[in-house]
Amino acid sequence: MRRSVARIGTIALNTFREAVRDRVLYNLIVFTALVVGCSLLVGQVSLAIERIVLVNLGLTSISLFGIVIAILLGIGLVSKEMEKRTLYTVVAARPVRRWEFILGKWLGLVGTLTVNAAMMSAAFFGALLLLAHHLNRGDLGLVVAIYFILLQYVLMTSLALLFSTFSSPLLSAVFSFCMFIIGSFADDLRGFALMAHGPARWVGLGLSYVVPNFASLNVITQVAHSVPVGGHLVLLETVYVLLYAGAVVSCAVLVFEHRNMK
Amino acid sequence: MAAIETFGLEKTYKVGFWRKRPRRALKPLTLAVEEGEVFGFLGPNGAGKTTTLRLLMGLVFPTSGSARILDRELDDPEMKRQIGFLPEQPYFYDHLTAAELLHYYARLSGVDPRERSRRVDKVLARVGMEEHRNLQLRKFSKGMLQRVGIAQAIVHEPRLLFFDEPMSGLDPIGRREMRDLMQELNEEGKTIFFSTHILSDAESLCDRVAVLHEGELRDIGVVADIAREVSGQVELLWNGVAALPAISVLGGKCHATRDTVRAVLPERSLDAALDALRAKGCRLISVTPVRITLEDYFLSKLHAKPAEPEVRA
């Protein structure tokens, strides 16, 4: 077991290093420029709501930047390794089991996104300080919102990884993006289903529970208006994401375990 | 103990987009490679060499049959710790430097952390890459990548090595160095199983060769025995062109350079040819039996019937 953990850690570290050296974190420069620029701009043009505007814009950007990176890197996690045949020397002649490889790649990307989110958050809080000149206890809700965004990354990475095990990068990108869009409207889908009758109601309801619920992980508007997020919701969402991501990564392992690497 | 054993190992792929049809890449293959030998897997492109290697490496799953390496199952991690693999035209993580890549593979192979740096330095020196240890692999030439490929295959000091077309893409000097390295590794007691279609490499390195064609094992031969075999032809060398027509009539293929003539003819015509030379007053220089080369053997097996499976005690 200790050896497995060491191998998974080695693969995760390599995945992180690859992302850093491929200049993925350069997106931080764009993000920082965007958030700081906007903070200066809204400080000039809005009256009283400049904090709300900045929180909405900053957190939405953290969410979208991370999701895009999760999709772009996630879709190549396995397929790129197969295409370039880099995994031949990892799983063929090393005591690395296929599930260890998948788990290592997944952890590496989640780690990359976490570091990315931490840096974007630092830039965001810097911009907030620039605008409001101080932070208060109510801003703790912003940390919860960022934690929820991290949970979104975990979901997205798992889905992109799953698609990457059986499909081309282009198709994986399309599938992942569609899942994000549908998942962002999961609550609306459930609402429509409840209004429908007959089989449509059950199909709609079933679908709304099967798709990843990105909507429930979006508390940006709530925290922008300083409405606190309950501790039970944090716990519930954490358990939900862990279970959902666990199921998706298990599917990825299952597919990869039986895949011929031509 | 056999280092590699296959029992009716077979692979059929499904090809086509809509109507999938089967394509047999490897017909049932039964063979055994003994520990300590250099075993060459010969065949033209598309013969099934790479498929066999991928099956043995657990990259693809057999349609039927099975195989054992070092007397263990193909997915046994303990066995994998003892083997090294160089794929054809290897490609590695190009964001890493040569030293980082080898550290990465050493870690995955479970090399003791206290040993790791020493092993990496040793293999880098062995493949002549110590100067480029801190250069990212994206800046490497094909030949340099091949050297790093060898280094990653031996960094954990395996007992058994699998090389898929190890000489492909190398210049003559690189090929020579690779041959020398493979010889050294074998002298250290490592078993080497390698696929190639370059027969001269196989001839100089291998103890035994298997010929594969269209996914079918055609024969397994001992290189030393093949080299001892004679072809039933003799080569005559003499001075004087006067005997040329007489030798040609006897079925000799003649080639004259000024006054010196070289002819290859059936062994049964040798006496008559010597009489003809004497009659025309020519001076005989040499008579040599023509030996079978690996190339002759290889070509003859490509058109021969498939080999019977090896019988083991």
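# Notebook: a predicted model with chains A and B

**Entry 1. S195(B).** I started at S195(B), which sits in strand β7 of chain B, residues 191-196. I note for all entries that the model is predicted. Is S195(B) buried or exposed? I counted 25 other C-beta atoms within 10 Å of S195(B), so this residue is buried, the cut-off being 20 or more.

I then looked up what S195(B) touches, leaving out residues up to four places away in sequence. The list is F41(B), K49(B), T50(B), L53(B), D164(B) and E165(B). I also took one C-alpha separation: S195(B) and V127(B), 68 residues apart along the chain, are 20 Å from each other.

**Entry 2. Helix α1 of chain B.** Among the contacts of S195(B) are K49(B), T50(B) and L53(B), and I found these three listed as buried in α1(B). I therefore went through the helix, residues 49-56 of chain B. How many of its residues are buried? Eight of the eight are, and I wrote the helix down as mostly covered. Besides the three already named, the buried residues are T51(B), T52(B), R54(B), L55(B) and L56(B). Just after α1(B), I found G58(B) with a positive phi of about 75°.

**Entry 3. Positive phi outside glycine.** I looked up two residues that are not glycines. D71(B) has a positive phi of about 65°. D71(B) lies in the loop between β4 (64-69) and α2 of chain B. It has 12 C-beta neighbours inside 10 Å and therefore counts as exposed.

In chain A, R85(A) also has a positive phi of about 65° and is not a glycine. The loop that holds R85(A) runs between α4 (79-84) and α5 (88-92) of chain A. With 18 C-beta neighbours inside 10 Å, R85(A) counts as partly exposed.

**Entry 4. Domains of chain B.** I noted the division of chain B into domain 1, residues 2-227 + 296-302, and domain 2, residues 230-291. How many Å separate the centres of these two domains? Taken over C-alpha atoms, the figure is 45 Å.

**Entry 5. Chain B against chain A.** I found 24 residues of chain B in contact with 23 residues of chain A. On the chain B side, α2 (77-80), β5 (83-86) and α3 (98-108) each supply at least two residues. Which element gives the most to this side? It is α3(B), with four residues. By class, the side of chain B that touches chain A has 15 nonpolar, six polar and three charged residues.

**Entry 6. α6 and α7 of chain A.** I turned to helix pairs, which are described by the angle between the axes and the distance between them. The axes of α6(A), residues 98-132, and α7(A), residues 140-166, come within 10 Å and cross at roughly 150°. That angle makes α6(A) roughly antiparallel to α7(A), since angles over 145 degrees count as such. The crossing is right-handed.

Which residues make the contact? From α6(A) I listed K105(A), W106(A), L109(A), V110(A), L113(A), T114(A), A117(A) and S121(A). From α7(A) I listed I146(A), I149(A), L150(A), Y153(A), V154(A), T157(A), S158(A) and L161(A). By class, this contact has eleven nonpolar, four polar and one charged residues.

**Entry 7. F163(A).** Still in helix α7 of chain A, I looked up F163(A). F163(A) is buried, because it has 26 other C-beta atoms within 10 Å. Not counting residues up to four places away in sequence, F163(A) touches I75(A), S172(A), F175(A) and S176(A). The C-alpha atoms of F163(A) and V78(A) are separated by 9.1 Å, with these positions 85 residues apart along the chain.

**Entry 8. α3 and α8 of chain A.** S176(A), one of the contacts of F163(A), turned up again in α8(A), where it takes part in the contact with α3(A). The axes of α3(A), residues 50-74, and α8(A), residues 169-184, come within 9 Å and cross at roughly 150°. These two helices are therefore roughly antiparallel to each other, and α3(A) passes α8(A) in a right-handed crossing.

I listed I67(A), I71(A) and G74(A) on the α3(A) side. They meet A173(A), S176(A), F177(A) and F180(A) of α8(A). By class, the contact of α3(A) with α8(A) has five nonpolar, two polar and no charged residues.

Terms used
Residues numbered from 1 in each chain as written. Chains lettered and ligands numbered in written order. Predicted model: local features only at pLDDT ≥ 70, side-chain atom pairs only at ≥ 80, totals over all residues. Axes fitted to C-alpha atoms, helices over the stretch in contact; angles between N-to-C directions. Parallel < 35°, antiparallel > 145°, perpendicular 65-115°, else oblique. Left-handed = near helix turned anticlockwise from the far one by under 90°. Contact = placed C-beta atoms within 7 Å. Nonpolar A, V, L, I, M, F, W, Y, C, P; charged D, E, K, R; others polar. Domains from an automatic or database assignment.
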